[in-house]
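Student: I have this chain open and would like to go through it with you. Could we begin with how far to trust it, and then turn to some details?

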Amino acid sequence: MCGRTACSLGADNLRRACAYRDGRGRRRQPEWVRGERYQPSYNKGPQSSGPVLLSRRHLHQDADSSERVLMDMRWGLVPSWFKNDDPAKLQFNTSNCRSDTMLKKSSYKGALLKGKRCVVLADGFYEWQQQQSGGKQPYFIYFPQTKDAMDEGTEGDEEWKGWRLLTMAGIFDCWEPPSGGEMLYTYTIITVDASKDVSFIHPRMPAILDGDEAIRKWLDFAEVPTQEAVKLIQPTENIVFHPVSTFVNSIRNNTPECVAPIELGAKKEVKATPSNKMLLGWLKNSQEGSPQKKENDLPKWKSQFIHSPSPKKTSADILQQWLGKQGEPAAKKQKA
């Protein structure tokens, strides 16, 4: 499943990170719709709002269906047919939608068959592993990152050089209060069986669209019919992860500490080293206009990244260079 995400990029950088080529091959950045409502966060949960990509044609019938827009939508789909004036009274959880029932359940089937497909954006998502002790260990799961992920570049750069956003397949709908009022746009994240590498954490994971071609096919409902698009809904092995502090358990906590790596089993916590602070600086700078904590308020945490069990080089290796420059011990490899 997927019950918590992080999306720390500011509105302008989010546009840059979502640059694409339209049907004519022109490089573009999606325009914001209601962008003033978007709030970056290291700890987003259901009923909060978050950024999604969708085809412009959903909003303008004469638009090219390959054109994309960014919209801030509420997480937790409210079907268009819901008759109560209060969407909070919906009796079932619609934050996630199982891929094996999305064309059967009335909450999702109608919207999906009408082409209301979207891409939910995040730095990554959190998942909790059940421990034998009875507790749960949270992990942060995301796309592998390149060395350029530490360099966002400048506004004039043709290509985004910052963090590669996780792109999750979603379904959205538009609900109008029966008594009238503002239209409410909401979404759900489609889930699939977890891939081998992360199944030890949880048996389910979001359906992740890996690459712009997959994103194009999922969003372009006018060119790609539903039965063809749903073939994209598969588990992916192209993800990495690391354990994080239970600090993230509380939805009220919204700082870079939520995504900071810890070493499992460490007996002592250490203060942030200069290298930790460099990583923190990058994380905090990506959240434009957000309140910044003073340097003395930097959180304490346990040191070091844990490697993904994947044998190939992962983002853990890259970020470890930031976290391990000060003579810290080598990262250990996580066992499934």
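**Confidence and local detail**

Tutor: This is a predicted model, and the mean pLDDT of the chain is 82, with 76% of its residues reaching 70 or more.

Student: Which elements have the lowest and the highest mean pLDDT?

Tutor: Among the elements of the chain, the lowest mean pLDDT, 45, belongs to helix H6 (residues 315-323), while strand S9 (residues 117-122) has the highest, at 98.

Student: And where is the pLDDT below 50?

Tutor: Residues 286-314 form one such stretch, which nevertheless has 97 contacts in the model beyond near neighbours in sequence. Residues 318-336 are also below 50, and that stretch has 60 contacts counted in the same manner. Where pLDDT is low, the predicted coordinates should not be read in detail.

Student: OK, switching to helix H2. Which of its residues are buried?

Tutor: In H2, which spans residues 106-113, the buried residues are Ser 107, Tyr 108, Ala 111 and Leu 112.

Student: Why are they on the same side of H2?

Tutor: Because they cover an arc of only 100 degrees around the axis, they are placed on the same side of H2. As background, an α-helix has 3.6 residues a turn, so residues three or four places apart point the same way.

Student: What do those buried residues pack against?

Tutor: The buried residues of H2 pack against four strands and two helices, namely strand S8 (96-98), S9, strand S12 (166-175) and S13, together with helix H3 (212-219) and helix H4 (226-229). Just after H2, Gly 115 takes a positive phi of about 85 degrees.

Student: You mentioned S13. Where does Asp 193 sit, and what is it in contact with?

Tutor: Asp 193 is in strand S13, which covers residues 184-193. Leaving aside neighbours within four places in sequence, Asp 193 is in contact with Pro 203, Arg 204, Met 205 and Pro 235. The C-alpha atoms of Asp 193 and Pro 235 are separated by 6.5 Å, although these two residues are 42 residues apart along the chain.

Student: And Arg 204, is that buried or exposed?

Tutor: Arg 204, which lies in strand S14 (residues 204-206), counts as buried because its relative accessibility is 11%, and the cut-off for buried is under 20%.

Student: Which polar partners does its side chain have there?

Tutor: The side chain of Arg 204 makes a polar contact with the side chain of Asp 193 at 2.8 Å, and a polar atom of the Arg 204 side chain lies 2.9 Å from the backbone oxygen of Thr 191.

Terms used: Residues are numbered from 1 along each chain as its sequence is written. This is a predicted model: local features need pLDDT of at least 70, side-chain atom pairs count only at pLDDT 80 or more; totals for chains, interfaces and linings use all residues. Side-chain values use heavy atoms; hydrogens and water are left out. Contact means heavy atoms within 4.5 Å. pLDDT is the predictor's confidence in each residue, from 0 to 100. Buried means under 20% relative accessible area, exposed over 50%, partly exposed in between (1.4 Å probe, protein chains only). The arc is that of the directions from the helix axis to the C-beta atoms. A polar contact is a pair of N or O atoms within 3.5 Å; within protein, one must be able to donate a hydrogen and the other to accept it, and residues adjacent in sequence count only if both atoms are side-chain atoms.
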